[in-house]
Amino acid sequence: MEKFIIQGNNKLKGEIKVNGAKNFALKILPAAFLSDQPLTVTNVPEIEDIKRLLEIIEDCGAKVERLSKGKYKITPPKRPKTDLSKDLVPQLRASILLVGPLLARYKKVDLPHPGGCIIGKRPIDQFIKAFESLGAKVRCTKTKYIFEAPQGLTGGEIIFSKISVTGTESAILAASLAKGTTTITNAACEPEVLALAEYLNTQGAKIKGAGTPTIEITGVKKLKAGKCKVIPDRIEAGSFILMAAATDSKVKVSNCNPDHLTVPLKIIQDMGVKLEVGKNYVEVLSAKNLKPDNIATHEYPGFPTDLQAPMAVLLTQAQGTSEVHETIFENRFMYVDMLNRMGADIKIDNPREITINGPVELKGKELESPDIRAGIALVIAALMAKGESEINNIYQIDRGYENIAQRLQKIGAKIKRV
Ligand code: EPU
């Protein structure tokens, strides 16, 4: 099993480029099945989650070509297999994003219970209700979900009782080809939702209001497919900014869109981190005498749950007591025990809240990455810590961050993959 060995307590320096967004690429690649034309996507991050999705897309019969680094061409088959792989789907919750396009065009999809990491195993009730609102019948057997719409999908009223990012994206994908008009109420407003709608509109879809809580979609008969560039990964950008701040380093995080990070950047600056924010970069200048803060994760544009763990690591360096309230997911404090073993003073008050006392000095330890975002948080902690750390289960980090050891080495991190 591969692991990272990290020598901590040294400053980082230089520039690190942000890759394409995992959580956009995972939506745009399934959109290939909405059209009979090939789709070429650039700036695709070459990470494990994308590799799994491409395997599933290939298993459905599409031709997947890697034209160059980060550039993929997907040619959909005349008639794809819509009985999704029972070996691959349980490895990736985002496989559910294939249901909307396949159901809209081919009227039946069999989806084995989708899985993923620990937080990946979560309910799919919002998706089911959305597809039902578009006229689909959904059955659940011991091993899979069966989605059927023998007459095709029809526009309807989708009201999400809980905001769901992939739920909203699935509804957009499916409703684009449904007969009639669909309204989505309580939609997710994440930049990835807007980017998906913008791409589909360039291919002939009629989607209005994406990026707001109310979306209206007028179904069309056919969609073209063309070229799409994956938007920058705001979570990777935020992770690198927090990494630079936590190690009090001067690092320029480039190729990103700071407009997608307005709230986290405000919080980081209020703590006392000095930043220079450009049009497509954020440079961390210094991070001294940090102030504590109280943070609650929130749907976009609020503080993203995917930056909660890296933020907690930074808060261990603030002078005083901070609180972090996780409102989106349970099971997202699995890194706390490990940070405490490294010398942090963090108390889990309940499954949704922690209290962090700082500042503390962290010491290198043997660690285990529980999920993608907790994994990068442990990398940050190890880079700050005195001595050597070993991080195991790095598949979880590779799921979301491409070639992370090499990229961090370039900014002076002493990290190696063994
Ligand atoms: N939920 C339900 N029922 C559903 C769907 C969601 O109860 O049918 C709950 C979830 O359990 C969670 C909340 O609703 O408590 C929000 O979940 P959401 O559906 O919005 O999450 P998601 O779409 O599955 C995406 C990202 C996550 C990110 C969340 C929140 C992708 C592929 N994943 O997940 O990214 O944390 O939105 O912003 O877009 C990550 O990248 O590490 C990651 C977990």
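## A four-stranded sheet

Let's start with an open sheet of four strands, lined up in the order S17-S18-S20-S19, with mixed pairing. At its edges stand strand S17 (294-296) and strand S19 (345-350); each has a single partner strand, so one side of each is left without a neighbour in the sheet. Direction ignored, neighbouring strands here are turned by 15° against each other on average. Keep in mind as you look around that this is a predicted model.

What does "mixed" refer to? Strands of a sheet pair through backbone hydrogen bonds, and they can do that either parallel or antiparallel. You can find both kinds by walking across the sheet, one pair at a time.

## Walking across the strands

Begin at S17. It pairs with strand S18 (residues 320-325) in the parallel sense, over three bridges. To spot this pairing in the structure, look for Ile295, which stands opposite Val324 in S18.

Next comes the step from S18 to strand S20 (residues 353-358): these two run antiparallel and are joined by six bridges. Here Ser322 has Ile356 in S20 as its bridge partner. Then S20 meets S19, again in the antiparallel sense, over five bridges. Ile348 and Ile354 in S20 are bridge partners. S19 and S20 also form a hairpin, with two residues between them.

## Aromatic rings that meet

Now for the rings. A pair of aromatic rings is described by the distance of the centres and the angle of the planes. How many aromatic pairs does the structure hold? There are three. One of them is Phe131 with Phe147, an edge-to-face pair at 5.4 Å centre to centre, with 80° between the planes. This pair links distant parts of the chain: Phe131 belongs to helix H4 (residues 125-133) and Phe147 to strand S8 (residues 144-148), 16 residues apart.

Are these two rings' residues buried or exposed? Phe131 has a relative accessible area of 1%, so it is buried. Phe147 counts as buried too, because its relative accessibility is 0%. Elsewhere, Phe333 and Tyr335 make an edge-to-face pair at 6.4 Å centre to centre, with 70° between the planes. Both Phe333 and Tyr335 are buried.

Ring pairs also link Phe131, Tyr145 and Phe147 into a cluster. A ring can have a charge as its partner as well: the charged end of Lys252 sits over the ring of Tyr281, 4.3 Å from its centre.

## Around the ligand

There are 24 residues around the ligand, and the ones that come nearest are Arg122, Ser164, Thr166, Asp306 and Ile328. Which atoms face the ligand's oxygens? A polar side-chain atom of Ser164 lies 2.6 Å from an oxygen atom of the ligand. For Arg373, a polar side-chain atom lies 2.7 Å from a ligand oxygen. Val165 uses its backbone instead, with an N or O atom 2.8 Å from an oxygen atom of the ligand.

## Helix H5 and its cap

Ser164 turns up again at a helix. It caps the N-terminal end of H5, where a side-chain oxygen of Ser164 lies 2.9 Å from the backbone nitrogen of Gly167.

How much of this helix is covered? Helix H5 (residues 165-175) is mostly covered, with 10 of its 11 residues buried. Among the buried ones are Thr166, Gly167, Glu169 and Leu173. Thr166 is a residue to look at twice: it is buried in H5, and it is also one of those that come nearest to the ligand.

Note on methods:
Residues numbered from 1 in each chain as written. Heavy atoms only, no water. Pairing = 2+ DSSP bridges. Axes fitted to C-alpha atoms, helices over the stretch in contact; angles between N-to-C directions. Phe/Tyr/Trp six-rings, centres within 6.5 Å; stacked < 30°, edge-to-face > 60°. Buried < 20%, exposed > 50% of the residue type's maximum accessible area, 1.4 Å probe, protein only. Lys NZ or Arg CZ within 6 Å of the ring centre and 35° of its normal. Near = heavy atom within 4 Å. Polar contact = N/O pair within 3.5 Å; in protein donor to acceptor, adjacent residues only side chain to side chain.
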